[in-house]
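Reader: I should like a close look at a single part of this model, followed by a connected account of the rest. Please state the cut-offs behind each term as it arises.

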Amino acid sequence: MVWNAASWIWGPEERQPVNERIRFRRTFEWDGGEPDLAELKISADSRYRLWVNGEEIGTGPIRSTPGHWYFDTYDIRPQLRRGRNAIAVEVWHYGHSNYQYIEGEAGLIAELAWTDRTSAGTIGTDAAWLWKRAAAYERNTVKRNVNLGWMEIYDAAAEEDGDWTTAAFDDAAWSVSAVVAAADAGPWGELRRRPIETLAEAVLRPVHVTAIREVVPTCKVVSVNMRENFFPGERDANSRVFSGFLASMLRTVAPVTRGTISFAHTPWNGVQGRFRIGESWYAAGDDIDLPPGDHLFLMEIGAVHNDVITHIELRLTPEPTFVHPFSPEEAASFVTFGPFQAMQPKADGHTLIFGGVEKRTGLDPDLPQLAAVRGCDTAEALSAFRGWGKDVPPEAVMVDHMIYSLMLRKETLRRLPVTPAAERLLHGAAATLPAPSEGGDIELILDFGKVYVGVLELELSAPEGTVIDAYGFEYIRPDETIYYTSGCNNAFRYRARSGRQRYRAWSRMGLRYLMLTVRQPSGPVALHGVQLRQTSYPVTQNAFRCSDPLLNDIFEISRHTAHMCMEDTFVDCPTYEQVFWVGDCRISALVSYRAFGAYELARHCLTMVPRGRGQSPLLPALLPTDWQAAIPMWTFSWLIACKEYVDYSGDTDFLLEIWPHIAQTLETYRSFLNNRGLLDTASWNLLDWAPLQLPSAGVVTAQQALLAYCHRLAAELAEALGAREEAIELTAWHERLRRALRDELYDAQAKEYVDGVFRDGRVSPTRSIQTHLLLYLTGCLSEREDASLIASLLNPPAHWERIGTPFFSFYLFEALERLGRPDLILQRIREDWGRMLRHGATTTWETFGEPRSQAHAWSAGPAYMLPHLLLGIERTAPGFAGIRIAPPETELAWARGFVPTPYGRIDCAWSREGERATMRVEVPAGIEVSPEGLDRPDWDIEIVRL
């Protein structure tokens with residue numbers, strides 16, 4: 001893409017600022033006539049918000065990778081006016097990688113090109129653009145989690161006077177920008193136009209006021225960001241496996257200080273460990289009684305953590321303070337020791353993986369340095385090792401930023417009635433919140449009716465300094481207790497200026513319920529509006545319906561879940577992570593083909609995957625990120641999804657583009673074959689969230705089967721490309737891998753397959769339906785030799801591990817369809833997804849028990865299966881160039897819906913309610929309909945050609 005006038009620019013000298021927002025402006029005169037073209041191209045690292053003459057135009061860019069960066073294009077003709085105009089951009093640079101972004105360098109690039117009847121011109125980012133730091137945003141804060149990145153804290157009182165996004169704003173105090181790279185240079189490489197649609201937006205108001213309460217937090221949360229202490233300069237999202245200590249002094253003044261100390265989340269989501277206070281060691285939640293004085297606080301670190309921040313929940317009364325253990329007068333209050341041992345996870349297929357399904361850390365708990373520090377029970381004793389210590393900067397210690405903990409750890413002082421005056425808020429009218437009467441905070445819970453995802457917008461009147469914490473969550477249990485999503489600080493904080501004001505958050509949040517807590521207001525607070533700007537990929541909503549109301553409801557929650565998980569990629573969930581997981585993508589793509597027809601989004605996701613090869617030769621399990629995580633089944637699912645995309649879309653250009661990457665991936669995986677011809681990797685060998693005891697280093701039977709199957713699929717693709725010799729070689733590999741599977745992993749005595757083999761020769765102690773389902777689906781079970789095993793898929797032996805997630809149920813459904821038992825698929829869907837509905841679900845759960853994520857796309861399989869099984873339209877040629885009409889064999893009385901195709905929608909409706917069964921199918925031109933079965937004597941089938 002040619003950029004004629006634009007370069008990458010930035011303001012401050014720091015090229016990798018952490019959690020920094022910088023604002024840019026460019027004013028220009030427009031004296032032309034009606035513009036024929038006014039196209040603004042823009043991108044940024046990490047994110048931007050764009051305004052033209054005070055009107056917000058858009059946000060971006062979509063997820064990008066170093067060397068493959070995307071830009072957006074906007075038609076701004078409606079916003080241009082004669083005279084002075086302004087382009088305004090706010091850029092948020094993360095400074096750390098997360099699970100959607102790989103840290104690079106801060107920058108902005110934009111270019112406006114226009115033409116009218118008499119002139120043409122361009123304006124690009126250069127030194128003429130002005131910049132200023134967005135001082136209203138707090139830089140030193142906690143994260144929502146490592147997946148999502150930094151939490152937002154905004155102080156409206158620190159905002160600019162006047163609207164900085166307009167042409168009339170006085171920017172005389174702003175600074176000139178610096179050019180940091182030419183277009184198509186720097187870490188971003190050649191810029192590429194986004195290949196997918198802009199997200200669609202709908203403004204939603206809450207539908208119900210669930211509760212109004214006066215509450216008070218029962219803990220003080222001290223968050224300590226230790227990353228720069230333990231791993232200076234490291235900005236990646238990789239998990240950390242290390243040992244060390246965090247030390248401070250607890251100062252108590254009361255005769256007795258009593259209570260507990262706990263931590264937010266789990267060790268994976270924040271650093272924690274056992275801790276000593278003086279002579280005694282404690283675990284989180286243990287009862288603590290302290291006399292007055294100074295007590296050494298020493299927390300031992302020695303686990304796998306995905307970030308290096310601890311959140312200490314102090315529930316001690318009266319409240320103690322942390323002071324420096326050696327110099328109490330110091331501004332710093334915490335000291336770190338270590339790391340004494342650190343292991344760098346590598347997803348290279350060879351290095352042992354710690355974390356994920358592997359619970360060991362690989363750390364040596366008996367290192368002499370650990371023992372020496374561990375033995376200190378006073379600050380005086382610890383001072384002998386002061387040379388090993390490093391002060392935590394005061395700005396890295398944050399008090400009560402972890403909103404999750406404040407919302408979870410609280411006492412309800414009184415419950416207040418939900419009055420008609422409060423419910424005015426649901427209809428866009430102002431509602432004045434009750435004043436606290438017992439010295440607490442006012443909490444309001446609003447229900448949006450379903451789980452949605454977008455950015456929140458508040459309009460309110462309040463005294464200056466009023467703090468409003470916003471926390472989104474997905475579920476209230478039937479007993480009315482709130483399910484707080486562990487590991488997700490799904491929140492932001494707004495500090496008000498005086499008077500009426502409006503705020504639109506940066507952070508994209510998933511939620512059904514919004515908890516707004518006004519912290520000890522000093523005067524009246526009125527809410528004039530609360531709304532969610534819901535954004536998701538623009539699609540047509542499939543109107544599948546059938547004669548079973550339960551299946552209709554299940555289809556709806558599955559369809560809605562899938563849609564809320566369609567962003568600039570398919571994502572796993574709208575709330576907890578918002579991550580593009582490669583293995584989840586296959587189910588999301590299949591649902592999309594049947595429910596929405598968003599082929600371009602599937603193509604975009606599938607072409608992204610090989611760009612992660614630099615992260616892992618096995619291909620990464622998620623991207624874009626630099627977290628070292630490879631799941632071989634996810635890679636094989638990607639390859640299968642590539643074949644399915646070609647089958648559904650008929651996109652031969654994609655096949656030409658992706659084929660070299662498929663061939664390279666299979667060649668790489670063959671390099672991990674051991675001397676018995678078995679795939680042997682050190683990786684996150686995940687199949688299902690179930691208690692499978694699979695080796696994290698060794699052979700996994702299901703992965704061997706998938707590797708064999710992918711060679712068979714690749715042989716078919718090679719044939720389609722005319723690469724006959726490659727197809728022959730791939731077919732030979734397929735047979736060789738299947739033979740090794742049978743020879744080495746079949747337990748002849750038990751007449752079943754083992755789940756895996758560890759590198760030391762131990763056989764996995766579990767046997768599972770997961771392994772045997774994948775063996776069947778990949779063609780690694782013989783109809784003749786393995787008839788009894790295939791029968792066991794319908795009635796598994798008691799000792800086989802059962803399916804743990806709706807995700808893996810999808811593979812069961814594929815097997816049942818192949819076995820000719822669609823009735824069992826419908827039965828399982830009614831039972832398992834019906835249970836979600838009975839618990840009030842509006843989206844599909846990650847797992848069958850109470851899940852971490854209430855909305856998970858890998859569980860939306862019914863949105864594919866129900867239209868697939870019940871509409872009676874079978875694809876017979878790639879891209880739906882050919883179809884077969886086959887009324888389903890089912891007990892249902894009727895069904896209707898449509899099948900999205902590259903040619904247009906196939907609308908279908910059938911019924912057995914009359915004297916004769918009837919079916920009407922509207923078929924777009926270009927699709928050939930097979931004559932097979934159209935003359936069935938028991939059906940009147942009408943085909944309408946469009």
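Author: Gly-779, just after helix α13, adopts a positive phi of about 75°. This is a predicted model, in which local features need pLDDT of at least 70 and side-chain atom pairs count only at pLDDT 80 or more, while totals for chains, interfaces and linings use all residues. Residues are numbered from 1 along each chain as its sequence is written, and side-chain values rest on heavy atoms, with hydrogens and water left out. Helices (H or I, at least four residues) and strands (E, at least two) are DSSP runs, numbered from the N terminus.

Helix α13 itself spans residues 769-777 and is mostly covered, nine of its nine residues being buried. Here buried means under 20% relative accessible area, exposed means over 50%, and partly exposed lies in between (1.4 Å probe, protein chains only). The buried residues of α13 include Gln-770, Thr-771 and His-772 as well as Leu-773, Leu-774 and Leu-775.

Leu-774 leads from this helix to Met-633, for the two are in contact (heavy atoms within 4.5 Å). Neighbours within four places in sequence aside, Met-633 also touches Leu-686, Leu-687, Gln-703, Leu-706, Phe-807, Phe-808 and Tyr-811. Met-633, together with Trp-634, Trp-638 and Ile-662, touches the most other members of the largest nonpolar core, which holds 158 residues. A nonpolar core is a set of buried Ala, Val, Leu, Ile, Met, Phe, Trp, Tyr and Cys residues joined through side-chain atoms within 4.5 Å. Helix α11 (residues 701-720) supplies the largest share of this core, namely 12 residues. Apart from it lies another core, of 55 residues, and Trp-69, Ala-136, Ile-442 and Leu-460 are among them.

Charged pairs form a further part of the picture. Side chains of opposite charge can pair when their charged atoms come close. A salt bridge is counted when a side-chain nitrogen of Lys or Arg lies within 4 Å of a carboxyl oxygen of Asp or Glu, and by this rule there are 73 salt bridges. In one of them, Glu-56 pairs with Arg-504, with the closest N and O atoms 3.0 Å apart. Glu-56 belongs to strand β5 (residues 55-60) and Arg-504 to strand β38 (residues 499-504), so the pair ties together parts that are 448 residues apart in sequence. Both partners are partly exposed: Glu-56 has a relative accessible area of 23%, and Arg-504 one of 21%. These two also belong to a network of salt bridges that links Arg-49, Glu-56, Glu-201, Glu-457, Glu-459, Arg-500, Arg-502, Arg-504 and Arg-533.

Arg-830 and Asp-548 meet through their side chains in another salt bridge, at 2.7 Å from N to O. Because Arg-830 lies in helix α16 (residues 822-838) and Asp-548 in the loop between β41 (545-546) and α6 (549-564), this pair ties together parts that are 282 residues apart in sequence. Asp-548 is buried, with a relative accessible area of 13%. Asp-823 and Arg-821 likewise form a salt bridge, their closest N and O atoms lying 2.8 Å apart. Asp-823 counts as partly exposed at 37% relative accessibility, as does Arg-821 at 30%.

Lys-143, in strand β11 (residues 143-145), is buried, with a relative accessible area of 7%. Its side chain makes a polar contact with the side chain of Asp-307 at 2.8 Å. A polar contact is a pair of N or O atoms within 3.5 Å; within protein, one must be able to donate a hydrogen and the other to accept it, and residues adjacent in sequence count only if both atoms are side-chain atoms. Beyond four places in sequence, the contacts of Lys-143 include His-96, Trp-150, Ile-309, Met-402 and Asn-489.

Several backbone details complete the account. Positive phi also occurs at Asn-19, with a value of about 50° although Asn-19 is not a glycine. Asn-19 occupies the loop between β1 (7-10) and β2 (20-30) and counts as buried at 1% relative accessibility. Lys-751, again a residue other than glycine, has a positive phi near 60°. Lys-751 is in the loop between β44 (746-747) and β45 (752-753), and at 54% relative accessibility it counts as exposed. The peptide bond from Asp-45 to Ser-46 is cis, with omega near 20°, and Ser-46 sits in the loop between β3 (37-45) and β4 (47-52). Gly-60 and Pro-61 are likewise joined by a cis peptide bond, with omega about -5°; Pro-61 lies in the loop between β5 and β6 (69-75).
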